[in-house]
Amino acid sequence: MRFSKPKRPITLMEICGTHTMAIAKSGIKNVLPKEVKLISGPGCPVCVTPSSAIDMILELSKDPHLLICSYGDLLRIPGSQSETLRARPNVRFCLSPMDAIQIAQNNPDKIILFIGVGFETTAPGSAVLIQEARRSQLRNFYFYSLLKRTQPAICALLEKEKTQIDGFLCPGHVAVIIGEKGFEFLPCRYHRPGVISGFEPEDILVSIEALIQMINQEDPKILNTYDRLVQQEGNTIAQAQIEDVFEVEDSLWRGLGTLPNSGYRLKEKYQDFDARQHFHLPGLENKEPENCQCAAILCGEKAPSQCPLFQTVCTPQDPVGPCMVSSEGACAAAYTYEE
């Protein structure tokens, strides 16, 4: 593909772990114009989860009457002392949130705790899980929300002092839920262009070219090159499910700190399933492993190769930070495909 020549150096950010992996695997950075720098942002949901959340869940898992359920990536993320959940005997891997319903029904003598993690993409599934738990009248089921909203993280990045981000590859999976309108704040508030992109190399290349053209013309807009799945208004049914079950709250992100209205918590009518109330869970804090640069990598401030632990102390077989653990992490992508 032939790119337009940038009129100045350009820094673009992708904020989706699937994009991060696709870009690394296909070698897209190697064919970009020399003026274009492509960096990874906080697009991996388990990577932005604070290690203190893992520590707290590890502490809960000491209770033999408790079964903890979540997605595979979260169970591999180390806490502040490098311990992971997957080694605990009372932890269950779920392919779908609805697996937790079956686990609760099959184990009436146990307390089931589902850890909900992800962005707007997984929030509807968690909402349906809560609705079904009520319909099934489960009395042994609780939900702990680590769900995050994309917009506040992007805003926090752009409002950092001396930010260098000129445009965004917007995450196609999130956009399926929130629609094109969910990213209109980029040109309207920050005068930055964004392109909602699919995940094939051709999708990403076309999207980068569109960003270069808009930056050259100083005409920022939101373009949608993933219109085979993404609509202007998004998935209104999924949005209604989120609205029914959740309300927004301030939330702690690894690398970005506490961001206003960046997380989801259960609404009052679903409080019977709220793990924070049932287990009296404390607030979270960021505690990074020594010398780990995941926080800076998630903000696009450093590349994985700039971490002193990368490829030496920290590898996919023996990870220190979450960016090396997750299948959507920037360090795992760099280790597997780029380095």
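A disulfide is taken here as a pair of cysteine sulfur atoms within 2.5 Å. By that cut-off, the structure, which is a predicted model, holds one disulfide. The bond in question links C44 with C47, and the S to S distance comes out at 2.4 Å. With a torsion of about 70° around the S-S bond, the C44 and C47 pair makes a right-handed disulfide. Both partners are tucked away from solvent, in that C44 and C47 are each buried.

Two other cysteines were looked at for comparison. C299 takes part in no disulfide, and the nearest cysteine sulfur to it belongs to C323, 9.8 Å away. The relative accessibility of C299 is 6%, so this residue counts as buried, the cut-off being under 20%. C331 is likewise in no disulfide; here too the nearest cysteine sulfur is that of C323, at a distance of 4.8 Å. C331 has 5% relative accessibility and therefore also counts as buried.

Next comes the nonpolar interior. In soluble globular proteins, nonpolar side chains tend to be buried together. In this model, the largest nonpolar core has 99 residues. Inside that core, the residues with the most contacts are L113, F141 and F183. What does F183 contact, once its neighbours within four places in sequence are left aside? The list runs to T150, I154, C170, P171, V174, A175 and I178, plus I196 and I222. Apart from this core sits another one, made up of 19 residues and including I28, V36, A210 and M214.

Helix α10, spanning residues 236-245, gives a neat local picture. Its residues A238, I242 and V245 are buried. Viewed down the axis of α10, the buried residues fit within an arc of 80°, so they line one face of the helix. Turned away from that buried side is a face that carries I237 and E243, both exposed. And what covers the buried residues of α10? The cover includes two helices, α5 (123-135) and α7 (172-178), along with the strands β10 (246-253) and β11 (257-266).

The N-terminal end of α10 has a cap as well, provided by N235. A side-chain oxygen of N235 lies 3.1 Å from the backbone nitrogen of I237. I237 thus turns up twice in the account of this helix: its backbone nitrogen pairs with the capping residue, and the residue itself is exposed on the face turned away from the buried side.

Note on methods:
Residues numbered from 1 in each chain as written. Heavy atoms only, no water. Core = buried A, V, L, I, M, F, W, Y, C linked by side-chain atoms within 4.5 Å. Buried < 20%, exposed > 50% of the residue type's maximum accessible area, 1.4 Å probe, protein only. Contact = heavy atoms within 4.5 Å. Helix = DSSP H or I, 4+ residues; strand = E, 2+ residues; numbered from the N terminus. Arc of directions from axis to C-beta. Polar contact = N/O pair within 3.5 Å; in protein donor to acceptor, adjacent residues only side chain to side chain.
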